[in-house]
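Biologist: Please take a close look at a single loop of this model, with attention to the backbone and the charged side chains around there. After that, carry on to other parts that can be described in similar detail.

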Amino acid sequence: MVQSKKQRYLFLAFCLVPTFLMFSVFTLYPLFNGLYYSFFQWSGASSAAEFIGLDNYRKLFSDEIIPATIWHDYFLVITKIIGIMILSTFFAVALTQMKIKEAPFYRIVFFFPNIMSVVVIGILWMFIYNPSLGLVNSGLEFLGLEGWTKAWLGNENWALPSLVLPSVWAGIGLFMLMLMGGISNISKSYYEAAEIDGATGWQQFWKITLPLVWPQIKISILYIIITTLNGSFIIVQVMTKGGPNNATHVMGSYLYEEAFVKYNFGYGATIGVMILVLSLITVLIMQYFMRREKVEY
């Protein structure tokens, strides 16, 4: 059916305007509203907000906790990228190329944590790390390693690393499925030709599989960075609440504490601006370093 130019424009407007309105209400408005309140001293409960200019930003640069929260966030980013990408790539290759009969079952098992709430995952791992009844200490005692047992979430040196395992466990399934989709689209003829040429399985992985699933790997890494810098506060809030002694505070959990516990919404909004800026800078840097030409065979 031939449509006039006016009808096409009306159709595009019908499709785009509702989406743009939703994006404006739930993304643009909070973004600019947070930037606006970062210049005010406001409790969040009163109707009066005092304009203080750049004082919140001066406080941000002199706050001793802020550098620690930034380091904690990037520690989680780095460890999650390494852990999730290595394990998800291994399982994706194993389930697509090793002809495992139970592959559909393992897909469900690995993806199951992704359908669970982060709150549920945090509570579950709190029980696993429980000093008296948890599986970690119980397993160490069973192996005769009583000296290694400790209050994992209550130890300043081990609390932050203890958050890595549940974070990695919860993220493997999604990225495994993304990589499996990419691997499944690779023509079998490439592997057959490589095998005829005498290439080992390891060489086939490095020369064929990895280059051809690089777009999925890149998207996965960027997604991990964005979700960690903007959402790691949830598991921190559930499992440690930033303790002990601020040893696990990330930028998001510190924002929550300042805004909703200390009722300093102006300073909380300033921390939110910092999270946005660091997220954008990190993503742009990673996109620059991960850029490469599309591989075709």
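Modeller: Y263 lies in the loop between α12 and α13, the latter being residues 265–289. The model is a predicted one. The backbone at Y263 has a positive phi of about 55°, although Y263 is not a glycine. As a general matter, most residues other than glycine have a negative phi.

Next to consider are the salt bridges of K262. One of its partners is E257, with the closest N and O atoms 3.6 Å apart. K262 also meets E258 through the side chains, at 3.4 Å from N to O. Because the limit for a salt bridge is 4 Å between such atoms, the two distances qualify. Through shared partners, E257, E258 and K262 are joined into one network.

The accessibilities in this network can be given residue by residue. K262 has a relative accessible area of 47% and is therefore partly exposed. E257 is at 18%, which counts as buried because the limit for that class is under 20%. E258 is buried as well, at 4%.

A search of the whole structure gives 3 salt bridges. One of them pairs the side chains of D55 and R58, with 2.5 Å from N to O. D55 and R58 are 3 residues apart in helix α2 (residues 55–62), so about one helical turn separates them. D55 is partly exposed at 38% relative accessible area, while R58 is exposed at 53%. In general, side chains of opposite charge can pair when their charged atoms come close.

Back to loops: which residue in the loop between α11 and α12 has a positive phi? K241 does, with a phi of about 55° although it is not a glycine, and its place is in the loop between α11 and α12. K241 is exposed, with a relative accessible area of 57%. P244 is found in that loop too, between α11 (233–239) and α12 (251–261). The peptide bond leading from G243 to P244 is cis, with omega near -5°. In general, most peptide bonds are trans.

Two parts outside these loops remain. Helix α9 (residues 201–212) and helix α10 (residues 214–231) pack with their axes 4 Å apart, at an angle of about 55°. The angle is neither under 35 degrees nor in the 65 to 115 range, so α9 and α10 count as oblique to each other. On the α9 side the contact is made by L210, P211 and L212, and on the α10 side by W214, P215, Q216 and I217. Sorted by class, the contact of α9 with α10 has 6 nonpolar residues, 1 polar residue and no charged ones.

The other part is N137, placed in helix α6 (residues 135–142). N137 is buried, with a relative accessible area of 2%. A polar atom of the N137 side chain lies 3.1 Å from the backbone oxygen of K150. Leaving aside residues up to four places away in sequence, N137 touches N130, P131, T149, K150 and W152. K150 thus appears in the contact list of N137 and also supplies the backbone oxygen facing the N137 side chain at 3.1 Å.

How values were computed. Residues numbered from 1 in each chain as written. Predicted model: local features only at pLDDT ≥ 70, side-chain atom pairs only at ≥ 80, totals over all residues. Heavy atoms only, no water. Helix = DSSP H or I, 4+ residues; strand = E, 2+ residues; numbered from the N terminus. Buried < 20%, exposed > 50% of the residue type's maximum accessible area, 1.4 Å probe, protein only. Polar contact = N/O pair within 3.5 Å; in protein donor to acceptor, adjacent residues only side chain to side chain. Contact = heavy atoms within 4.5 Å. Axes fitted to C-alpha atoms, helices over the stretch in contact; angles between N-to-C directions. Parallel < 35°, antiparallel > 145°, perpendicular 65-115°, else oblique. Nonpolar A, V, L, I, M, F, W, Y, C, P; charged D, E, K, R; others polar.
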